Amino acid sequence: MRKLVVGVVGCGGIANSKHLPSIKSNGNYEVVAFCDLIREKAEASKKEFGTEDARVYTDYQELLKEELDAVYVLTPNSSHAPITIAALKSGKHVMCEKPMATCYADAKAMVDAAKETGKILTIGYQNRYRTDSQYLKAACEDDELGEIYYAKAHAIRRRAVPTWGVFLDEEKQGGGPLIDIGTHALDLTLWMMNNYEPASVTGSVYRKLADQKNTANVWGDWDPEIFTVEDSAFGFIKMKDGATIVLEASWALNSLEVDEAKTSLCGTKAGADMKDGVRINGVKHNKMYVEKPALGAGGVAFYDGSELKPQEVEQKVFYEAITEGKPLTVLPEQALVVTQILEAIYKSAKENRTIYFE
């Protein structure tokens, strides 16, 4: 199997904790170029994950001059679009970390650039590759739930505000928990429903707990002075076919119902949620039932049930799309709709009105 020669733009937490380790474990990639505004970060990533002669840059335009098969865009959200578009136009395939962009216009420009160049573009929604997600998607595709007309997208943390990097910086991130973790929950929900035609969005965005101190935050108290994004956001989404989605996203909420990157689905034949693995509920023989599939291997002494992690499957799918022409799991056109809805929630809350789509 031929190795893909790739470069990485952005050598922060998401690069070193998710993408680079999974690239390394895949074994079919050579990372030959690293770029970060802070040269020391790029040097550190090169030392751990790069080839011996890998190059280091602080300007992504210089990295794009290299002969590369693909580029990973792992920077703050506000720079996803310009870097991705430049990479595509320089002849590289692109894996861009979620969310696709901070606004619909930028995300649309990314989709257009991929079409114009004929290069592959995918977005890092790795939660689609979880075992529970794959099982529930198969159930949806087999029409076990029937018409899914109501759903909830869950992204709720009780006290888990990320206090590192630029997560709290609205200018660089475009928002807080809605665009950070709400994006995963919404992506899963739309994907399960196979419904990408929103009609309207009504949103509420709150910054209610951000000024508090002694917060019991799992990563230590946040600094209210730099906490310029929301701490909670909620959206009511109506689709063109009449379906309804409720999206809930928070880093800090006084709630005991804590779920992240999960969805609940209600259909005409059955319902399902991801509250405890996968639970499918319905009626059989005039009695209500709940089914819980066994998602682990188990039961065989010499087999531990080990399987690829979601982020490792993500790299495998990207590799096979480039080298074998296999289909992507995350299409840029799908990620575009996620960004469209998230932007509308922020706009609805700011303007205190419902946002309608054509």
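A residue counts as buried when its relative accessible area is under 20%. Keep that cut-off in mind while we walk through this structure, which is a predicted model.

**A proline on the inside**

Let's start with Pro99. At 1% relative accessibility, Pro99 falls under the 20% cut-off, so it counts as buried. You'll find Pro99 in the loop between strand E5 (93-96) and helix H5 (104-117). What kind of peptide bond joins Lys98 and Pro99? It's a cis bond, with omega at about -15°.

Who are the contacts of this proline? Leaving out residues up to four places away in sequence, Pro99 touches Asn77, His80, Tyr125, Ile179 and Thr183. You can also pick out Val313, which sits 214 residues from Pro99 along the chain, with 19 Å between the two C-alpha atoms.

**Two nonpolar cores**

Now for the greasy parts. The largest nonpolar core has 86 residues, and the members that touch the most others are Leu63, Met100, Leu121, Leu190, Leu247 and Leu265. Helix H8 (177-193) gives the most to this core, with 10 residues. There is another core apart from that one, made of 23 residues, including Val6, Phe34, Met95 and Phe318.

Leu121 is a good residue to click on. Setting aside its neighbours within four places in sequence, Leu121 is in contact with a long list of residues, among them Thr84, Leu88, Val94, Cys96 and Met100. Further along the chain, the contacts of Leu121 include Leu328, Val330 and Pro332.

**Cysteines without partners**

Cys96 has just come up as a contact of Leu121, so let's check the cysteines. How many disulfides are there? The count comes to zero. For Cys96, the nearest cysteine sulfur is that of Cys103, 13 Å away. The sulfur of Cys140 has its closest cysteine sulfur in Cys266, at 12 Å, and that is too far for a bond because a disulfide needs the two sulfur atoms within 2.5 Å.

Are these two cysteines buried or exposed? Cys96 is buried, with a relative accessible area of 0%. Cys140 is at 15%, which is under 20%, so Cys140 is buried as well.

**Two pockets**

Next, the open spaces. The largest pocket has a volume of about 1200 Å³. It is lined by 43 residues, and the closest to its centre are Gly13, Ile14, Leu74, Thr75 and Phe167. Several elements each supply at least two lining residues: helix H1 (13-26), helix H4 (80-89), helix H7 (170-173), helix H8 and strand E11 (259-267). Which of them gives the most? That would be H1, with four residues.

The second largest pocket holds about 300 Å³ of space. Of its 14 lining residues, the closest to the centre are Glu170, Gly174, Tyr346, Lys347 and Lys350. Strand E8 (198-206) and helix H10 (332-351) each supply at least two residues here, and H10 has the largest share, with five.

Here is how the two linings break down by class:

| Pocket | Nonpolar | Polar | Charged |
|---|---|---|---|
| Largest pocket | 18 residues | 15 residues | 10 residues |
| Second largest pocket | five residues | three residues | six residues |

**Out in the loops**

Finally, a few loop residues. Val258 lies in the loop between strand E10 (244-250) and E11. Its relative accessible area is 41%, which is neither under 20% nor over 50%, so Val258 is partly exposed. Leaving out residues up to four places away in sequence, Val258 touches Ile156, Arg157 and Arg158. Thr268 is 10 residues from Val258 along the chain, and their C-alpha atoms are separated by 27 Å.

Two other loop residues have a positive phi without being glycine. One is His285, with a phi of about 50°, in the loop between strand E13 (279-284) and strand E14 (287-291). The other is Asn352, with phi near 55°, in the loop between H10 and strand E15 (355-356). Are they buried or exposed? His285 has 79% relative accessibility, which is over 50%, so it counts as exposed. Asn352, at 71%, is over 50% too, so it also counts as exposed.

Definitions and conventions. Residues are numbered from 1 along each chain as its sequence is written. This is a predicted model: local features need pLDDT of at least 70, side-chain atom pairs count only at pLDDT 80 or more; totals for chains, interfaces and linings use all residues. Side-chain values use heavy atoms; hydrogens and water are left out. On a 1 Å grid over the protein atoms alone, a cavity is a set of points where a 1.4 Å probe fits but cannot get out, and a pocket is an open set with protein on both sides within 12 Å along at least five of seven lines; lining residues have an atom within 4 Å of a point. Grid points are joined across faces, edges and corners, and a volume is the space filled by probe spheres set on the points. Ala, Val, Leu, Ile, Met, Phe, Trp, Tyr, Cys and Pro count as nonpolar, Asp, Glu, Lys and Arg as charged, and the others, Gly among them, as polar. Buried means under 20% relative accessible area, exposed over 50%, partly exposed in between (1.4 Å probe, protein chains only). Contact means heavy atoms within 4.5 Å. A nonpolar core is a set of buried Ala, Val, Leu, Ile, Met, Phe, Trp, Tyr and Cys residues joined through side-chain atoms within 4.5 Å.
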